[in-house]
Every structure is written in structure tokens, then in C-alpha cells.
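Hi,

Here is the model I said I'd pass along. Have a look at it first, and then read my notes below.

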Amino acid sequence: MNTPPTELKTFEAIVQVMKTLRSPTGCPWDQEQTHKSIAPCALEEVCELIEAIETENEENLIEELGDVLLQVVFHAEMARQEKRFDIYDVIEKLNQKLISRHPHVFSDKAVKSTEDALKSWNDIKAKEKKTTPETDGFGVPIHLPALQRADKIGKKTKKLKFDWEKVGQVMASVESEVQEFKEAIESGKIENMQDEFGDVLFTLVQVARHLGIDSEQALRGTNQKVENRWIRMKQAAKKQGQDFEKLEQRDLEKLWKEVKKDEK
């Protein structure tokens with residue numbers, strides 16, 4: 001039997017727990033994991049963290065922050081066992097980066113505004129990136145949510161001076177892409193429809209970028225709005241003595257309009 005740490009409010013405790021879980025007397029599932037096998041968990045945990053932040057649920061926020069921390073400690077422990085690096089190398093690297101990218105805090109360089117601080121960060125980051133191998137692509141993580149990645153690609157192309165000058169030009173492109181999407185629908189070929197639909201989405205993201213809208217956050221908000229309306233539709237049907245599962249489409253549309261009207 002393994003003995004758990006006595007003081008659970010320390011960083012050393014989670015490091016020790018993770019070592020125990022990966023030890024020969026630990027958990028079979030934890031022992032079998034690799035960097036690649038648990039990689040999808042990192043994205044899932046970050047998404048759950050964002051949801052906890054947006055719903056302003058403090059208990060969930062504490063839990064989800066812990067789950068994100070677990071991913072870091074898990075990967076670091078696997079690397080330690082492989083004799084590559086450990087969690088303290090990760091911490092050291094992070095501290096070095098934070099200090100070097102904040103010369104206005106840790107040295108005598110002055111900044112006048114948040115914009116100056118951000119520009120300083122990006123300038124230092126760009127210099128650091130010159131020491132790493134360049135890629136032929138945009139250098140935007142492929143596993144980012146698609147809308148967010150499209151936004152970052154647009155920002156990259158803007159830096160490379162390949163961008164629309166005005167939002168009206170982007171809207172014209174949206175209209176053009178929508179027309180091509182309509183033609184793809186008429187063709188009846190799913191691969192054509194998917195390709196053209198993707199073009200419409202990408203261009204709409206660029207419209208949002210030009211207007212200063214976070215497209216990923218906008219769609220998350222709409223998704224939540226639709227779900228909230230659906231919940232209220234069920235509640236309204238129950239109050240009216242209706243069996244929600246047996247309602248016809250026209251009845252559902254009526255409820256939708258009612259709850260939408262109530263929002264205003």
C-alpha cells in the first residue's frame with residue numbers, strides 16, 4: 001500500500017502523487033499512458049476550464065484548474081522517467097520566459113501603456129523564435145479550435161501584408177464564397193459542398209477579425225444561447241401541459257418564438 005502525502009496544499013504533494021501513480025505499485029492505467037495517448041485530454045481539460053470561467057462557477061473553476069495542472073505534471077513525470085527533463089525544468093523555463101519578456105518589470109525598460117507592453121512581449125517573442133527552426137506554414141497549432149485557428153491565420157497573413165484593407169472588401173468575399181457554396185449544393189457533391197462551406201466559414205472569421213470580434217467566443221455564446229432557449233422551451237411546454245417529445249415542428253417553432261420574444 002502506498003502512503004499518500006499528509007499536506008495536500010503543496011506543489012510537492014501533486015508531484016509525489018503523480019510519481020506514485022506511475023510507479024510499479026501505482027495505477028495500471030496511469031502506467032500505460034504516453035505523451036501521445038493523453039494529448040487529447042489536454043485540449044478537453046482546457047475547454048472545460050473555459051466553460052468554468054464563462055459560467056463563473058468558482059467550485060468548477062478550482063477543479064478545472066487542477067485538471068489542467070494535472071496534465072502538466074503528468075507529462076513532466078513521464079519525461080522524468082524517460083530521463084529527459086522534469087517538472088522543475090518546466091518551471092525554470094517558464095520563469096526565464098516570463099522574466100525575459102517583461103523587461104519593463106524586471107529591468108529598467110519603461111512602457112507607457114498596455115499596448116506598449118504587448119508590443120514589447122511580441123518583439124521579444126519574435127527574436128526568440130528566430131533561434132528555432134522555421135516552418136513553411138503559419139506556425140499556428142493545428143489542434144486549436146478551427147475558428148480560433150482561422151482567426152490566428154488571418155492575423156499572420158496580415159503581418160505578411162496579405163490581407164483585406166477594409167471590412168467591406170471582406171464582406172464582398174463572403175458574398176462570393178456564399179455563391180460558390182450555392183453552386184456546390186446544386187452539384188450535389190458532398191466534397192464540393194464541404195470545401196466551399198469551409199471557405200464561407202473562413203471568410204466570415206476574417207470579417208469578425210476586422211471588426212474586433214472573437215469568432216470562437218461569438219459561436220460559443222450562440223451555442224449556449226440556443227441551448228438555453230431549448231431548455232426554456234421545455235419548461236414552457238411543461239407549464240402548458242404539453243408533452244415536449246411529441247410536439248410537431250410547428251409547435252416547436254411557436255415555442256421558439258415565444259422564448260426568443262421573452263428575451264427581448
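Let me start with the overall dimensions: the protein chain has a radius of gyration of 25 Å, whereas a compact globule of 264 residues would be near 18 Å. That radius is taken over C-alpha atoms, and the globule rule is 2.2 Å times the number of residues to the power 0.38. The C-alpha atoms fill a box of roughly 60 × 55 × 45 Å along the principal axes.

Before you go further, the ground rules. This is a predicted model, in which local features need pLDDT of at least 70 and side-chain atom pairs count only at pLDDT 80 or more, while totals for chains, interfaces and linings use all residues. Residues are numbered from 1 along each chain as its sequence is written, and side-chain values use heavy atoms, with hydrogens and water left out.

**Overall picture**

The protein chain has 12 helices and 0 strands, so from the N terminus on you just read α-α-α-α-α-α-α-α-α-α-α-α, where helices (H or I, at least four residues) and strands (E, at least two) are DSSP runs numbered from the N terminus. Of the 264 residues, 20% count as buried; here buried means under 20% relative accessible area, exposed over 50%, and partly exposed in between (1.4 Å probe, protein chains only). The accessible surface comes to about 19,900 Å², and 56% of it belongs to carbon and sulfur atoms. Those areas come from the Shrake-Rupley method with a 1.4 Å probe, and for residues only the protein chains shown count as cover.

As for contacts (heavy atoms within 4.5 Å), residues 24 or more positions apart account for 48% of those with a separation of 6 or more. On the charge side, there are 42 positive and 50 negative charges, and their mean positions are 4 Å apart. Lys and Arg count as positive and Asp and Glu as negative, with His and the chain ends not counted; each charge is placed at NZ of Lys, CZ of Arg, CG of Asp or CD of Glu.

**Nonpolar cores**

A nonpolar core here is a set of buried Ala, Val, Leu, Ile, Met, Phe, Trp, Tyr and Cys residues joined through side-chain atoms within 4.5 Å. The largest one has 7 residues: Met233, Ala236, Ala237, Phe244, Leu247, Leu255 and Val259. Both α11 (215–239) and α12 (249–263) supply at least two residues of this core, and the largest share, 3 residues, comes from α11. Phe244 touches Trp230, Met233, Lys234, Ala237, Leu252 and Leu255, leaving aside residues up to four places away in sequence. There is also a second, separate core of 5 residues, which includes Met18, Ile38, Val73 and Phe74.

**Around α10**

Thr203 sits in helix α10 (residues 190–211). Is Thr203 buried or exposed? Thr203 is buried, at a relative accessible area of 5%. Not counting residues up to four places away in sequence, Thr203 touches Trp164, Val170, Ser173, Val174 and Glu177.

Two leucines of α10 are worth clicking on as well. Leu201, also in α10, is partly exposed at 34% relative accessible area; its C-alpha is 8.7 Å from that of Val174, although the two are 27 residues apart in sequence. Leu204 is in α10 too and partly exposed at 40%, with 9.0 Å between its C-alpha and that of Ser173, 31 residues away in sequence.

**Two positive phi values**

Most residues other than glycine have a negative phi. Glu56, in the loop between α3 (35–55) and α4 (58–81), has a positive phi near 55 degrees and is exposed, with a relative accessible area of 72%. Lys161 lies in the loop between α8 (146–159) and α9 (167–187); phi of Lys161 is positive too, near 65 degrees, and at 79% relative accessibility Lys161 counts as exposed.

**Two long distances**

Glu82, in the loop between α4 and α5 (87–100), is partly exposed at 40%. From Glu82 to Ala236 it is 58 Å, C-alpha to C-alpha, across 154 residues of sequence. Gly168 in helix α9 is partly exposed at 46%, and its C-alpha lies 51 Å from that of Glu77, 91 residues away in sequence.

Cheers
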